[in-house]
Amino acid sequence: MSDTTPTPHLELYVRSMLPDGAHERQEAVITQLETLDENDHIDGFNVIVWGKQIAPQSAAARTEEGKYILNRVAEFKQWALTNNVSLESFYQDTTVDSEAAASAYDAMALPVMGLAEYDGNELAHVAPCTKDDVVHTIMDRLERLKAGQPPALDTEHSGVSVV
């Protein structure tokens with residue numbers, strides 16, 4: 001990284017039960033993270049495994065792990081509001097019909113994969129995200145880190161086109 005760009009710590013969130021084809025994408029991202037870490041482009045990374053969804057009012061949401069997920073999601077949503085981006089490709093609220101409970105409940109579908117970038121304790125970027133119909137993917141961000149570049153969102157603020 002350059003002297004003016006801080007070296008971030010990354011968190012990769014991956015779903016435990018994967019749809020077809022997702023395993024290879026997750027492996028490619030983890031391999032890229034390992035390479036970035038080995039070459040000192042990042043200050044390490046963590047892989048956090050989560051499920052397909054979480055119901056905010058459930059018993060699972062009250063566990064330490066559930067609270068962690070809900071807190072991180074809230075942090076990501078606040079970052080999105082502050083940066084005027086959408087995380088719709090990341091998190092989707094849904095209603096789940098429950099045969100066991102004979103009623104529906106609200107849940108948040110968690111993405112197959114998501115990336116959070118921290119500079120110190122400050123959330124600096126979340127991928128995937130969308131701004132002005134441009135999707136900023138996880139691999140886009142990893143490529144920019146490899147090149148020593150800030151998130152594309154930062155360059156948009158300075159009037160530089162990312163297209």
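Contact here means heavy atoms within 4.5 Å. The exercises below concern a predicted model.

**Exercise 1. State which residues E117 touches, and decide whether E117 is buried or exposed.**

Solution.
Step 1. Locate the residue: E117 belongs to strand β6, which covers residues 113-119.
Step 2. Collect the contacts, leaving aside residues up to four places away in sequence: P8, H9, L10, E122, L123, A124, H125, R141, L145 and P151.
Step 3. Compare the accessibility with the cut-off. Buried means under 20% relative accessible area. E117 has a relative accessible area of 3%, so E117 is buried.

**Exercise 2. Identify the salt-bridge partner of E117 and describe where the two residues sit in the chain.**

Solution.
Step 1. The partner is R141, and the closest N and O atoms of the pair are 2.6 Å apart.
Step 2. R141 lies in helix α3 (residues 138-146) and E117 in strand β6; with their positions 24 residues apart, the pair links distant parts of the chain.
Step 3. Both R141 and E117 are buried.

**Exercise 3. Find the salt bridges of R72 and classify the accessibility of each residue involved.**

Solution.
Step 1. R72 meets E11 through their side chains in a salt bridge of 2.7 Å, N to O. This pair also links distant parts of the chain: R72 is in helix α2 (residues 64-83) and E11 in strand β1, 61 residues apart.
Step 2. A second salt bridge, of 3.2 Å from N to O, joins the side chains of R72 and E75. Here both residues lie in helix α2, three residues apart, which is about one turn of the helix.
Step 3. Apply the classes: buried is under 20%, exposed over 50%, and partly exposed in between. R72 has 18% relative accessibility and therefore counts as buried. E11, at 7%, counts as buried because of that value. E75 reaches 24%, so E75 counts as partly exposed.
Step 4. Combine the two bridges: through shared partners, E11, R72 and E75 form one network. For the chain, the count of salt bridges comes to three.

**Exercise 4. List the residues in the patch of negative charge on the surface, then place D20 and give its accessibility class.**

Solution.
Step 1. The patch gathers D20, E24, E27, E34, D37, E38, D40 and D43.
Step 2. D20 sits in the loop between β1 (9-15) and α1 (22-38).
Step 3. The relative accessible area of D20 is 79%, so D20 is exposed.

**Exercise 5. Describe the chain as a whole: its elements, its burial, its contacts and its exposed area.**

Solution.
Step 1. Count the elements: the chain has four helices and nine strands.
Step 2. Read their order from the N terminus: β-α-β-β-α-β-β-β-β-β-β-α-α.
Step 3. Take the burial: 41% of the 163 residues count as buried.
Step 4. Take the contacts with a separation of 6 or more; residues 24 or more positions apart account for 62% of them.
Step 5. Take the surface: about 9400 Å² of the chain is exposed, and carbon and sulfur atoms supply 48% of that area.

Terms used: Residues numbered from 1 in each chain as written. Predicted model: local features only at pLDDT ≥ 70, side-chain atom pairs only at ≥ 80, totals over all residues. Heavy atoms only, no water. Buried < 20%, exposed > 50% of the residue type's maximum accessible area, 1.4 Å probe, protein only. Patch = residues over 30% accessible without salt bridge, like charges linked within 9 Å, V, L, I, M, F, W, Y side chains within 5 Å. Areas by Shrake-Rupley, 256 points an atom, 1.4 Å probe, with all protein chains shown as cover. Salt bridge = Lys/Arg side-chain N within 4 Å of Asp/Glu carboxyl O. Lys, Arg positive; Asp, Glu negative; His and termini not counted. Charge placed at Lys NZ, Arg CZ, Asp CG, Glu CD.
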